[in-house]
Every structure is written in C-alpha cells, then in structure tokens.
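User: I would like a close look at a single part of this protein. Please keep the answer plain and connected.

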Amino acid sequence: MEYGRMNIGSRPSKRKPSGGIESLRAIPWIFAWTQTRFHLPVWLGFGSAFKHILEKDIRNLHTLQEMYNEWPFFRVTIDLVEMVFAKGDPGIAALYDKLLVSEELWPLGEKLRANCEETKQLLLQVAGHKDLLEGDLYLKQRLRLRNAYITTLNVCQAYTMKRIRDPDYHVTLRPHMSKEIMDWSKPAAELVKLNPTSEYAPGLEDTLILTMKGIAAGMQNTG
C-alpha cells in the first residue's frame, strides 16, 4: 500500500487498482521483500530443491559441490543467492511481522524464517563455505559497514508504518536532547519542509519515503 502512494515507480504497483496481492507487479513485490530484509522470492525454493536431492542420496552433495567448483553458471547463481542472504536479516523481518502483521499469521512468519535458515545452511554446504561471503571478503566488509545504517532505517520504517496504519499507536518518547544540541540543530530544522498534502500525521509520509530510499540505496538492489 505504501509503495503505491510513493511516486518512485515507472508504473502503478498493481495491474488492477482494486485487485489484491495477486495483481501486484513484479517490481513492487520484490521491492517490498527487499525493504523488509527477507528477500523471500530470491531464496524460496532453493532449500527445498537441495533438501530433496540430498535426501534422495547424500552423495549428491559431492555432485553439487563439484558443480559449484567447475560450472561457472551454477557458481554465479549460488554466489548471488549467498550475497542476498548476507544482505538479509530475519530478525528485522520478524520486527515487521510483530508490528504490522496480525497475530494469527505470526506462525507463518516463524515457519518461513526457519525455512530461510535451513536454506542458508544448505547453500553454505553446497558452496563449501563456513560463513556467508567467505569467497568475497571485500563485499563482506562493505556490507558490514552499511549494515548498522540500514538496520536503523529498517527500525524507523517499521515503527513509522505502524503509526501510519494504526493512528492510535504511540511510541514512547525518549528524553529531550540538551539545549545546546537543540539550538545547534535549528538551522537544519528550518530546511525541512513537511509535506502539507499528506493525509498522515506530520512527518510520517516524509519519514517513510526517506527510509524507503535509504534502504534501497544501502541494499543496492531493489527489484
């Protein structure tokens, strides 16, 4: 719903404005899963396929590892999925569930997160790695540096969406900053102009747009 309100796509988010989730276009579908750091459409199915082939014959693990080492197409595919796992964070996805999903659907989220962890472990076995991005330490370091900032934006976004969807929800305010810091920030505050046409409480829509753009920039793959 929020993506559809943001003027950041070249096409409407749905093929039919009155349609449900089945009418979503591919880009907003992938974008939404990327924003929540779960990347479901990327990895769903990999774990089931690996599990099936290994249960059929455990010796197939050697075949998969041989494919990874000797077949460039297979190796690149596995490496890309491994990169997505490195960018993901099931804990952040759980926060979105807790704040924005009805309680009766929480078990589904828990099941998907368990599936995610199982898929990650199988993927590491096939690649012969003990940890994600073991073969690309440069990328691993870059993601580690960005992670703290993206995670902060995720938490801010989740609570902003909660306040948008539930106007009665109130966040406990933290103690005010010192007078010196408040005075120092006055020039910056004057530069911020909130969207006067928003139907939400002041600042919420602006905050949501900023978090969406910030997370997308940090993840560097949005859909």
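Leaving aside its neighbours within four places in sequence, which residues is M83 in contact with?

Analyst: This is a predicted model. Once its neighbours within four places in sequence are left aside, M83 is in contact with L133 and L139. The rest of this answer places that part in its surroundings.

Start with M83 itself. M83 is found in helix 6, which covers residues 72–87. Its relative accessibility is 19%, and because buried means under 20%, M83 counts as buried. One of its partners, L139, is 56 residues apart from M83 along the chain, with 8.6 Å between the two C-alpha atoms.

The other partner, L133, lies in the loop between helix 8 and helix 9 (137–165). With a relative accessibility of 7%, L133 counts as buried. L133 also has a positive phi of about 60°, although it is not a glycine. Most residues other than glycine have a negative phi. H39 is another residue to look at here: its phi is positive, about 55°, and H39 is not a glycine either. H39 is found in the loop between helix 2 (26–35) and helix 3, and its relative accessibility of 3% makes it count as buried.

Helix 6 also takes part in the largest nonpolar core, to which it gives two or more residues. In soluble globular proteins, nonpolar side chains tend to be buried together. This core has 21 residues, and those with the most contacts inside it are F38, W43, F50, F74, I78 and F85. Besides helix 6, the elements that give two or more residues are helix 3 (40–43), helix 4 (46–56), helix 5 (60–70) and helix 8 (106–127). Helix 8 gives the most, with seven residues. A second, separate core has 18 residues, including I92, Y200, L208 and A216.

Within the largest core, F74 can be followed further. Leaving aside its neighbours within four places in sequence, F74 is in contact with F50, L64, M67, Y68 and V126. Of these, L64 and Y68 belong to helix 5 and V126 to helix 8, and they also appear where the two helices meet: L61, L64, Q65 and Y68 on the side of helix 5, Q125, V126 and A127 on the side of helix 8. Two packed helices are described by the angle between their axes and the distance between the axes. The axes of helix 5 and helix 8 come within 7 Å and cross at roughly 70°. That angle makes helix 5 roughly perpendicular to helix 8.

Aromatic residues are the next topic. F38, W43 and F85 form one aromatic cluster together with W29 and W33. The count of aromatic pairs comes to eight. In the pair of F38 and W43, the ring centres are 5.5 Å apart and the planes are at 80°, so this pair is edge-to-face. Both F38 and W43 are buried.

Finally, the whole protein gives the setting. There are twelve helices and zero strands. Buried residues make up 33% of the 223 residues. Among contacts between residues at least 6 apart in sequence, 70% join residues at least 24 apart. The pair of M83 and L139, 56 residues apart along the chain, is in contact.

Conventions
Residues are numbered from 1 along each chain as its sequence is written. Side-chain values use heavy atoms; hydrogens and water are left out. A nonpolar core is a set of buried Ala, Val, Leu, Ile, Met, Phe, Trp, Tyr and Cys residues joined through side-chain atoms within 4.5 Å. Buried means under 20% relative accessible area, exposed over 50%, partly exposed in between (1.4 Å probe, protein chains only). Helices (H or I, at least four residues) and strands (E, at least two) are DSSP runs, numbered from the N terminus. Contact means heavy atoms within 4.5 Å. Rings of Phe, Tyr and Trp (its six-membered ring) pair if their centres lie within 6.5 Å; planes under 30 degrees apart count as stacked, over 60 as edge-to-face and the rest as tilted. Axes are lines fitted to C-alpha atoms, for helices over the stretch in contact, and angles run from 0 to 180 degrees between N-to-C directions. Angles under 35 degrees count as roughly parallel, over 145 as roughly antiparallel, 65 to 115 as roughly perpendicular and the rest as oblique.
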